[in-house]
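Trainee: Please take me closely through a single part of this model, with the criteria behind each term as it comes up.

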Amino acid sequence: MNAKEILDRLVGFPSVVGTPNDGIVAWIRDFAEGCGARVTVLRGPEGDRANLFATVGPNHVPGYILSGHMDVVPALESNWTSDPFTLRSDGDLLFGRGTSDMKGFLAAALAALPAVVEMPLARPLHFAFSYDEEAGCRGAPHLIRQLPDLCAKPIGAIIGEPSGLRAIRAHKGKAAARVEIRGRSGHSSRPDQGLNAIHAFACVLLAAVRTGEALQSSRLDPSFEPPYSSLQVGTVSGGQAVNIIPDFLTAEIEARAITGATPADLLEPVRLAAVALAQRGFETKWDLLSCYPALSLAADAPLARLMEQLTGIETLAAVSYGTEAGLYQAAGIDAIICGPGDIARAHRADEFIRTDELVACQTMIERLAETLRS
């Protein structure tokens, strides 16, 4: 099967983030094993989702990891011009949910697999495919923790997020949390008898706004756009009717951290504001939904130089979105971002990738394998 044919099969699995993924995992496992790779399926604590790890070559010596995620964001946009889970071709363009982000990379990697298996590799090439990346990289940490049981410590990890096949050396970290505030309901004509959860949230919201504003003038890194860490309240939900004292509110808050800042620490002033509401009789709950660190790889790092040799393109210093690369680096494995497609096409209707982008990525992976030959 070529990359386009594999992509057709992958897009056909509606592997939306947060949902069971047994179908796509089983198909990739069967394909990879059929090519001659050694495959391990690593079920996550959710029970209905799994990571997949495949190896070509000896696993007792250091090699490289090709990392990608199998999940996609929902396809709820109303302006899709075709079924988002059926690959549609229009000339060189291939439309479907996940074509750029990032089943295109998975397809290119799997298309390269038969050629890689035929090479006498002295060092291994690993394929690490995760789940629920779109929910804050929830699957990859479970896979990374099991790497010592699966292979020798890798030399580096290439995360195939869409980058136009230009390697990227840094990205921001992220932490997301949910706060729940519970007060006491009642008729709005007697506010003295209730505890208004929405009014109480004003203190939490003010802490979020002030923290976000302060970050703009604190530590800066001009590699990023914007060059500072950021914080925002993304969702707020509460209340039943205008004449009922709202007794419950929930909100979700995220922080994005430049290199050197700890994402979860940026949320701490907001968390403290929520906890302080207990002094006024409110019950609060704070849940950290996801957290992953920033990535920072030096321009002269061996992995960066290797990617320039493989792609013929100078590396890019940084992007502001996040990936699983920071998790690999935190585990002591050099990591870099490089994959086919364009991040600007992701998370929107009529997401697409070009056929030539798939071919170029497959070629890059086969060139990487050539460097591992005996």
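Mentor: Two strands count as paired if DSSP finds at least two bridges between them, and the elements themselves are DSSP runs numbered from the N terminus, with helices (H or I) of at least four residues and strands (E) of at least two. The model is predicted, so to speak of local features requires pLDDT of at least 70, side-chain atom pairs count only at pLDDT 80 or more, and totals for chains, interfaces and linings use all residues. Residues are numbered from 1 along each chain as its sequence is written, and side-chain values use heavy atoms, without hydrogens or water.

The part I propose is an open, antiparallel sheet in which three strands follow the order β4-β5-β15. Strands β4 (88-90) and β15 (352-354) form its edges; each has a single partner strand, so one side of each lacks a neighbour in the sheet. From one strand to the next, the twist averages 25 degrees (angles run from 0 to 180 degrees between N-to-C directions of lines fitted to C-alpha atoms, for helices over the stretch in contact).

Consider next the pairing of β5 with β15. Strand β5 covers residues 93-95, and three bridges join β5 to β15 in an antiparallel arrangement. Within this pair, Leu94 faces Ile353 of β15.

Two helices pack on this sheet. Helix α3, residues 99-118, touches both β5 and β15 (contact means heavy atoms within 4.5 Å), and the direction of α3 makes about 45 degrees with that of β15. Helix α11, residues 355-370, likewise packs on the sheet and touches β5 and β15, with its direction at about 65 degrees to that of β15.

Helix α11 repays further attention. Its 16 residues, at 1.5 Å a residue, should span 22 Å, and the 23 Å between its end C-alpha atoms agrees with this; the expected span is 1.5 Å times one less than the number of residues. The buried residues of α11 are Glu357, Leu358, Cys361, Gln362, Met364, Ile365, Leu368 and Ala369 (buried is under 20% relative accessible area, exposed over 50%, partly exposed in between, with a 1.4 Å probe and protein chains only). Viewed down the axis of α11, these buried residues fall within an arc of 155 degrees, so they line one face of the helix; the arc is taken from the directions from the helix axis to the C-beta atoms.
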